[in-house]
Number of protein chains: 4
Amino acid sequence: MTIARPLPQYLVQRYHGWKATSYTENKAWYRRLAEDGQRPRAMVISCCDSRVHVTSIFGADSGEFFIHRNIANLVPAYAPDGEQHGTSAAVEYAVQALKVAHLIVMGHTKCGGVAGCHAMCSGHAPELEEKSSFVGRWMDILRPGYERVKDLPEDQQIGALEREAVLTSLDNLMTFPFVQAAVDSGEMTLHGLVHNISDGSLVQAEGPRGQFIEI
Amino acid sequence: MTIARPLPQYLVQRYHGWKATSYTENKAWYRRLAEDGQRPRAMVISCCDSRVHVTSIFGADSGEFFIHRNIANLVPAYAPDGEQHGTSAAVEYAVQALKVAHLIVMGHTKCGGVAGCHAMCSGHAPELEEKSSFVGRWMDILRPGYERVKDLPEDQQIGALEREAVLTSLDNLMTFPFVQAAVDSGEMTLHGLVHNISDGSLVQAEGPRGQFIEI
Amino acid sequence: MTIARPLPQYLVQRYHGWKATSYTENKAWYRRLAEDGQRPRAMVISCCDSRVHVTSIFGADSGEFFIHRNIANLVPAYAPDGEQHGTSAAVEYAVQALKVAHLIVMGHTKCGGVAGCHAMCSGHAPELEEKSSFVGRWMDILRPGYERVKDLPEDQQIGALEREAVLTSLDNLMTFPFVQAAVDSGEMTLHGLVHNISDGSLVQAEGPRGQFIEI
Amino acid sequence: MTIARPLPQYLVQRYHGWKATSYTENKAWYRRLAEDGQRPRAMVISCCDSRVHVTSIFGADSGEFFIHRNIANLVPAYAPDGEQHGTSAAVEYAVQALKVAHLIVMGHTKCGGVAGCHAMCSGHAPELEEKSSFVGRWMDILRPGYERVKDLPEDQQIGALEREAVLTSLDNLMTFPFVQAAVDSGEMTLHGLVHNISDGSLVQAEGPRGQFIEI
């Protein structure tokens, strides 16, 4: 017997509603996407947070964005060591197989992962330092970012670390040979955003490292 | 200088449209979610594929689903080895910190990752066997699934392997002590789905292992 | 210009989903209910609380229950003073015009209104004592109930007060001449329930005053 | 002895069915809602009418909507006179304690309360003019609305009065200082709907007062 249980009824009802409306309206397009394969223009790396809706913000429809979501939208550095790297696999597939034209890393305010990283690095969350903490080890990727923000006034550190999460991912992306090659040849551009989930604003990395400009 | 480039203009325009309409309509709720924190009812693990829209299918809005997306919606087995495991970190955060009530793994038809795994395991994609192939190493998670489907008639293998991707993830989820504890105590239920991106249908894992029933 | 704003988009989409599925399936019945008028078998008085779903608990469909929902499922005593009494109007309409066969008062655990009443009556919520507090004045209906539970062990008082809210409403209902007449003639029966929103259990008032038996 | 009688058997059976299925499926979420408290996104004010199912129409599950239901979905004007105002108490609790982001007033066609108001105001229901008529006194809230529709062609008056019930409630809501403050600050939006229970359509108040647009 499988451990899986039937879906809660409210989701079943909503699904049938979707099937009878949105699906039916777009059936031809969905079928074509299924037959011809996807051809997304961009890859987006964003956070798992339930308050982050990248398709909504950008009015994106089926087939537009190849989306990887993980805690704090982090990309680790290139490490072809034969181990399982889910984020690196997603990036490889998007760049090598799908040949996306844009690779967008979108962070957000009030990120629980970033707050956890700040607490860990500043000595306030010893449980995240434990070897067995998956969140802690994952947030290790952002440790160098913490070093860059720890001397700022305290009330600016979290915001700066949210931006560092994006910049760190962009830096790490450039350590992948196939990303660097695609960027150098002009086949793909990188983009770094931070979305403010409270006031809806969006800033993008531009100019000198660490500078973000409102869109 | 950052390597990041300004966002393409079509995305900037759509963003401003969203800000002026959807954001404005829901501003009060977004602000409250930002202030009070998220409290999603469910975690969904689905594929990065651009044709998979879980929030759309289930009429879910901001705050409802904590969503992790990776290649082929795979969850590796529990391995607290101090290495970076992005998927395990997302599961840990959802179960331990957010205490979601439902954990849904949703696979889909025409999955490029699953097709790659099938090609690799059947000897038709030697490049995926290389140590440096992130996609190949990631799809190693599904190798035991291939063993279970390889003796089926050839035209049924891929579909069966798409279902195995979901079942393998469910099995692996149960190797995490905190997932097992939450399931055993009734604090969380697991759900396994496969979405047919062509005809819009949805099947769920039910009864004996490997059986999927249309919703 | 009206102050009203367009409905959030996620509700519009879900509505269209309902229209295309549930409505379409039940169209004939809905039309007949619209033409012939409603003929509900029971009136239910329950709380506004978002965790209380009386139609769901009793598998009730359109046309079955005439439902009044207010804070803490309270019914004030009969007072034909020419003022506006929304609850009394609902009861009058259900009994006199619709001639329901059952009148069910359903309370629930973790009721914010009952907790507020307890805080107010025990001197811990002076703001609820103010004349301008609508919640405070509404919960005055339950003051006599507080007198009956205040000498119980402290950890039993809230639970007892939740049951008193139901019993008080039943007592007050009997002060309405048309309710008393319908009960005396056997045309209508009264029922008192408390629903535990955590473990899903349901108890009903039975036997001596204050006794509730699990269903 | 309490006046309360045991629940009819058909309801007991349906309850046990719910407990064994829906409750079990959603137990984890219900428990969490019970422990952490409700955090509904919206308050809905609708009619007691048994043909009105707001949660069904909007695919809403436990925890989403704080729902007040009274005759003809009416909200009286602000009157902090120390008397019992059940509707005002519900509005106060939703806005002040729960801080809902949306307050939706949903009227419906074939409303018995509205028809009674029309009969009363046009001189055809003297019994409703009596001081002791709770329904009559409650429908007094809608008298100003009758004045605005009484010169329309006769077959349009009832429909117009159903819409006036919604508009009157919206106007009266704005007389509550805490509603006005929440609307002015953007913390809450008001919405006015009329649901056609026969053909399933839904119109919303938009633009100039009295104008309703199909969704």
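Is Gly86(D) buried or exposed? Hold that thought for a moment, everyone, while I set the scene.

This is a predicted model, in which local features need pLDDT of at least 70, side-chain atom pairs count only at pLDDT 80 or more, and totals for chains, interfaces and linings use all residues. Residues are numbered from 1 along each chain as its sequence is written, chains are lettered from A and ligands numbered from 1 in the order in which they are written, and side-chain values use heavy atoms, with hydrogens and water left out.

Back to our glycine. Gly86(D) counts as buried, at 12% relative accessibility. By buried I mean under 20% relative accessible area; exposed is over 50%, and partly exposed is in between, with a 1.4 Å probe and protein chains only. Gly86(D) sits in helix α3 of chain D, residues 86–97. Helices here are DSSP runs of H or I with at least four residues, strands are runs of E with at least two, and both are numbered from the N terminus. Leaving out residues up to four places away in sequence, Gly86(D) touches Trp138(C) and His68(D). Contact, by the way, means heavy atoms within 4.5 Å. Along the sequence Gly86(D) and His68(D) are 18 residues apart, and their C-alpha atoms are 9.4 Å apart in space.

That contact with Trp138(C) takes us to the pairing of chains C and D. Here 99 residues of chain C are in contact with 100 residues of chain D. The size of an interface is often given as the accessible area lost when the parts come together. For chains C and D the buried area is about 8,600 Å², and carbon and sulfur atoms give 63% of that. This area is taken with a 1.4 Å probe and summed over both parts.

How many salt bridges does the rule find across the interface of chain C and chain D? It finds two, where a salt bridge is a side-chain nitrogen of Lys or Arg within 4 Å of a carboxyl oxygen of Asp or Glu. One salt bridge joins the side chains of Glu64(C) and Arg14(D), at 3.0 Å from N to O. There are also 42 residue pairs in polar contact between chain C and chain D, both residues at pLDDT 80 or more. Helix α1 of chain C, residues 9–36, supplies 13 residues, the largest share of the side of chain C that touches chain D. A polar contact is a pair of N or O atoms within 3.5 Å; within protein, one must be able to donate a hydrogen and the other to accept it, and residues adjacent in sequence count only if both atoms are side-chain atoms.

Now for symmetry. Chain C superposes on chain D with an RMSD of 0.1 Å, after a rotation of 180° and 0.0 Å of shift along the axis. The fit is by least squares on the C-alpha atoms of residues with pLDDT of at least 70 in both copies. Within chain C, Arg69(C) comes closest to the rotation axis, its C-alpha being at 2.5 Å. The copies meet through the same surface, because 100% of the interface residues of chain C are also interface residues in chain D.

Chains A and B have their own version: a turn of 180° and a shift of 0.0 Å along the axis lay chain A on chain B with an RMSD of 0.1 Å. These two copies are thus related as by a two-fold rotation axis. In chain A, the C-alpha nearest the axis belongs to Arg69(A), 2.5 Å away from it.

Let's look at one residue there. Gln204(B) lies in strand β5 of chain B, residues 202–205, and is buried at 8% relative accessibility. A polar atom of the Gln204(B) side chain lies 2.8 Å from the backbone nitrogen of Leu7(A). Beyond its neighbours within four places in sequence, Gln204(B) has contacts including Arg5(A), Pro6(A), Gly192(B) and Phe212(B).

Next, the backbone. Most residues other than glycine have a negative phi, and most peptide bonds are trans. Ala72(C), though not a glycine, has a positive phi of about 65°. Ala72(C) lies in the loop between β2 (65–70) and α3 (86–97) of chain C, and is buried, with a relative accessible area of 0%. Lys110(D) has a positive phi of about 60° and is partly exposed, at 46%. Its loop runs between β3 (102–108) and α4 (112–121) of chain D.

Last topic: how many disulfides does the structure hold over all chains? Zero, taking a disulfide as a pair of cysteine sulfur atoms within 2.5 Å. Why no bond for Cys48(B)? Because the closest cysteine sulfur, in Cys47(B), is 5.6 Å from its own, too far for a bond. For Cys111(D), the closest cysteine sulfur is in Cys47(D), 4.1 Å away, which is also too far. Cys111(D) is buried, with a relative accessible area of 3%. Thanks for listening!

Key:
Buried area = accessible area lost by both parts, 1.4 Å probe.
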